Amino acid sequence: MHGVSDGQCRDFCATAAAGRPVMWALATLLLLAPSSGQAAALEKPTLSLQPPWTTIFKGERVTLRCDGHHPLALELRPVSTLWYLGHLLLPSHGRTVQVQAPGPYRCQTRGAPVSDPVHLSVSSDWLILQVPYAAVFEGEPLVLRCRGWYDKEVYKLHYYRDGQAVRYFHSSANYTVPQARASDSGRYQCSGTMRIPVESAPMFSSKVAVTVQELFPAPVLKAAGRAEAGGVVVRCETRLHPRKSAVPLQFAFYKYSRVVRRFDWGAEYRVPESEADELESHWCEAATASRSVRKRSAWLQLPGRGPSRDTSTAAPGPQAAPLAPGNKPLSFRKPLVSTSVPAVISVPNATSAGGRDPAGGGPSEAPAGCEPPKPLGHSAGALQSDVDVLLREMRLLKGLLSRVVRDMRDPRAFPELGAALQTPSAHWAGTQGVPETGTVGS
């Protein structure tokens, strides 16, 4: 049937087999079939749950709501929503439905695809751990609820993640992570006692998997081309999760540990012509407006060039929360080659006049088959080469320091700071984020 999915045809057959009128089922398929060009324009409906927990006690009910495209009330279309439990078509056709059976629930509005499922679990245990039905993303609060049988008070309450206790409460309370991180993902469980009527032994809930979804990956700084006004344009690129495409991001740009443009909505920055030869000393940072999630890029890598820094001097790797660049060396040069001369081990000469046997006998002799060790050292040519390398690196370092001092004395070098160079510690002391910690997989 044109415009009707295979899943709808299967539901039609199931409806007919269940004894419902075939004409009613056929009418349902026709009413849900999209009009010309409509299916491509409609998105999946969103399925929500109230109360917002995926686990309930046996006998309890929850309300499901399907939000998406619905036909106008004036249209002669008696069916606007289809509900599914697994592959079973439910008899309800309103925007909301109350359910109490376990399983995956989905809904579908006329002309739109089927929604993502919401899995409902039903338990007969004394203690259950309730987690949100919707996905939790980085920077959002994560709330877990340990609930006693039909809301009995729970005492000596412990929450666990991957078998390790993470929080203790004297009595019933929710465990909340204000700004979730990827490290907050794991298998959670709770334990506690209840008075039924006397205090029971500790009881444990079933384990529940919780996954904190990535809001956006670490950005990548790329050279976008030459600017008409001079200089080079660099772009800080990242990609929001499809479900969070409306979240606005801000971007900041740095040269070594110095801020060259503070957080703003623009993802591009123009590097002045005078600094164009130092493009690879730049990196960027992307963050939400509230700074609940902020991630940094690696150093800018020009096309066709290999890594310009070794691992000991490279920009810190992307993090879910910022770390001070001062945590790692920011020098763009490799560490100096060691020029220390290996230690020379003094060995008594077996033929020297002062070399005597410890027992007081004649001159000491090496054991049979062994040669006395020869003194270690550098040849004159190798030593001179190491000295030349050291002097060359010292001259380069002196030139770099002279340039930094000159920039500090020039008020035009740092107009935004009033000629005061901002040190890494001063900048990061005020911008340190919440320590990393880790959405509940839907």
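Colleague: As what does R235 count on the basis of its relative accessibility?

Modeller: R235 counts as partly exposed, because its relative accessibility is 30% and this class lies between under 20% for buried and over 50% for exposed. Please keep in mind that this is a predicted model.

Colleague: Which residue does the side chain of R235 meet in a salt bridge?

Modeller: A salt bridge is recognised when a side-chain nitrogen of Lys or Arg is within 4 Å of a carboxyl oxygen of Asp or Glu. Here the partner of R235 is E237, at 3.5 Å from N to O. Elsewhere, K255, R258, E275, E278 and R403 are joined into one network by salt bridges that share partners.

Colleague: What is the distance between the side chains of E237 and K222 in their salt bridge?

Modeller: The N to O distance for E237 and K222 is 3.4 Å. This pair links distant parts of the chain, 15 residues apart: E237 belongs to strand β20 (residues 232-237), and K222 to strand β19 (residues 220-226). E237 counts as partly exposed because its relative accessibility is 28%. K222 is also partly exposed, with a value of 42%.

Colleague: How many salt bridges does a search of the whole structure find?

Modeller: The search gives 20 salt bridges. One of them joins R145 and D151, at 3.6 Å from N to O. With a relative accessibility of 25%, R145 is classed as partly exposed; D151 is partly exposed too, with 49%.

Colleague: Let us turn to T193. Is T193 buried or exposed?

Modeller: T193 counts as buried, because its relative accessibility is 3%. The residue is found in strand β15, which covers residues 186-193.

Colleague: Which residues is T193 in contact with, leaving aside its neighbours within four places in sequence?

Modeller: For T193 the list comprises E153, V154, Y155, K156, E199, S200, A201 and P202. With one of these, E199, T193 makes a polar contact from side chain to side chain, at 2.9 Å.

Colleague: Finally, which residues form a nonpolar patch on the surface?

Modeller: To enter such a patch, a residue needs over 30% relative accessible area and no salt bridge. In this model L383, V387, L390, L391 and M394 form one, with about 390 Å² of accessible area together. Among them, L391 lies in helix α4 (residues 380-409), and L391 counts as partly exposed because its relative accessibility is 41%.

Conventions:
Residues numbered from 1 in each chain as written. Predicted model: local features only at pLDDT ≥ 70, side-chain atom pairs only at ≥ 80, totals over all residues. Heavy atoms only, no water. Patch = residues over 30% accessible without salt bridge, like charges linked within 9 Å, V, L, I, M, F, W, Y side chains within 5 Å. Areas by Shrake-Rupley, 256 points an atom, 1.4 Å probe, with all protein chains shown as cover. Helix = DSSP H or I, 4+ residues; strand = E, 2+ residues; numbered from the N terminus. Buried < 20%, exposed > 50% of the residue type's maximum accessible area, 1.4 Å probe, protein only. Polar contact = N/O pair within 3.5 Å; in protein donor to acceptor, adjacent residues only side chain to side chain. Contact = heavy atoms within 4.5 Å.
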